[in-house]
Amino acid sequence: MTTPSIKPWLYGKTLGELKEVAASLALPSFAAKQMADWLYKKHATDIDQFTNLSVKAREALKEHYQVGFISSSNVQTSVDGTKKYLFPTVGGKFIESAYIPDKDRATLCVSSQSGCKMGCLFCMTAKQGFQSQLSAGEILNQVRAIPEFDKLTNLVYMGMGEPLDNLANVLASLDILTSDYGYGWSPSRITVSTIGVIPAMKEFLTKSKCHLAVSLHTPFDEERRKLMPIQNVYKIKDVVEELKRWDFTKQRRVSFEYIMFKELNDTAVHVKELVKLLNGLKCRINLIRFHPIPGTPLLGSDENAVQSFKQALNDKGIVTTVRASRGQDIYAACGLLSTKGLNKPEEQDF
Amino acid sequence: MNHSEVSGMFKCRVVDNQVVGPAAYYLSFERPFEFEAGQVISLTLDEQIPPRLYSIASGVDDPALSILFDVKPDGLLTPQLAKLQKGDWLFVSPPYGSFIGSSEPAVWVATGTGVAPFISMARSGLGIGKLLVQGARAMDGFYFSDYFFDYEGLEYVRCLSSGAAAGIYEGRLTSYLSGSTSIPLNEKYYLCGNPLMVNEVRDLLISKGVPFENILSEIFF
């Protein structure tokens, strides 16, 4: 079921925003909390279900708003149990989410944008350019619209897009996820990924208690510039220097994502420089096997190199793990999400 | 000119704001620092508006600092920037970024306001020996074309994706590069513009044998 109306969504509004809605329609102030209950605890999909609001209040709401809901339009299932969900956006673009069950964990990887502006050389999403920001409702819709919603134990903002390039909506979605009026999740179940947009990262760390994951991929400036254009603007050394000002010794964690590229970033020199870069910062490194994308000049490191790299970092005191590749056969694995073929061609300036 | 009320930013007086295309402006203001051609600044009008990044679009020896921007109708900042007049104030961060030009031969590829860092590089004397490939949907999207057209020692190619005009390649910038038989393999490529262009051009160059190490991209966000 997908709500067709073009009216704005109530779903995805924070309690503060719902209070503004209530005030603008001259509803009693407690109506905001009632709406939040229906939206985030009772999973209502229609304003008519808000039965503890007066008929008049419901009519006023319906005149201006809808709850908002978008069903997934396709799902693919991997041999390893991973599922990739396809969702249309309100604006007619497309996004993907990956559901990854693993023993006693069930993680959902959500998108924060349709497409991406960041242009990382190794990422499939980058190849479709940028289509649109997702609203907080569209971000959360990926969570509540899948049949595995009740099984979810963890949420990672590592799907399509750079979350910190859509900070306001990401923060609103996190507020709803972690607040008592919303889904009431612990922030320690949620990780937000970034390639290191420093000003937005500082704001995120100020306003959220969720974990942070930073895409590092090489400690060397010149190498990272070739892989990740963001390095031309925000250097990884400056990102790490900023992180060293924050406390990651308690509940909140910072981790670094590191895709292993053969003979590019998998050498002993890289281990040494990583240790130097991260010196003094309580963190962990997740090594990721590279999933080749069409036309890429990059190769994945072989398994021996991955394991040696992991061991070398652990020996130097940096907790390092290798992330299991999941959903590779359905292009749900890290760096493979793309809806390029589904978006209608737009007029471009080139 | 003083350190401003916006933390860490310089307060600068606007000296000029020229319309250079449909909804595109070349905004100039007092220059409080040295910079390298190709660097960026953050800019805002007050503490309530989050600063946005802009490539510097003036030369290192120009008396004023300039940016090239187009108005995003739903944006918080650019509609207000478009209204700025001489004597108004704005707030500017120190320069940063490493999309830096050099005097070596290179290929510059730009669309839209992505030409801004190349204006800075050219005005800083780094245009000699360069090939600039500029893409636009319409003729009025070739910002600063007169300047580049007259630039001694710079080869200038314009690609018009919709329409035709004398002396201009008819088609997309990617079609021009794809059909070109003289793509230098050992020169640096600097790409700046919308993310899809940057990615498509980068893939195209790699498929033609340009090492990815020779391709530098600047992104807009």
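Chain B splits into domain 1 (2–92) and domain 2 (106–218), with bounds taken from an automatic or database domain assignment. Keep in mind that this is a predicted model, where local features need pLDDT of at least 70, side-chain atom pairs count only at pLDDT 80 or more, and totals for chains, interfaces and linings use all residues. Residues are numbered from 1 along each chain as its sequence is written, while chains are lettered from A and ligands numbered from 1 in the order in which they are written.

Taken over C-alpha atoms, the centres of the two domains of chain B sit 24 Å apart. Their contact uses 17 residues of domain 1 and 14 residues of domain 2; two residues are in contact if their C-beta atoms, placed from the backbone, lie within 7 Å. On the domain 1 side, strand 2 (10–21) and strand 6 (64–70) of chain B each chip in at least two residues, and strand 6 of chain B gives the most, with 4 residues. Strands here are DSSP runs (E, at least two residues), numbered from the N terminus.

What about the two chains? Chain A puts 21 residues into the contact and chain B puts in 33 residues. Here's the make-up of two touching sides:

| Side | Nonpolar | Polar | Charged |
|---|---|---|---|
| Domain 1 of chain B, touching domain 2 of chain B | 10 residues | 5 residues | 2 residues |
| Chain A, touching chain B | 9 residues | 5 residues | 7 residues |

Ala, Val, Leu, Ile, Met, Phe, Trp, Tyr, Cys and Pro count as nonpolar, Asp, Glu, Lys and Arg as charged, and the others, Gly among them, as polar.

Leaving aside neighbours within four places in sequence, Tyr189(B) is in contact with residues including Val109(B), Leu205(B) and Asn214(B).
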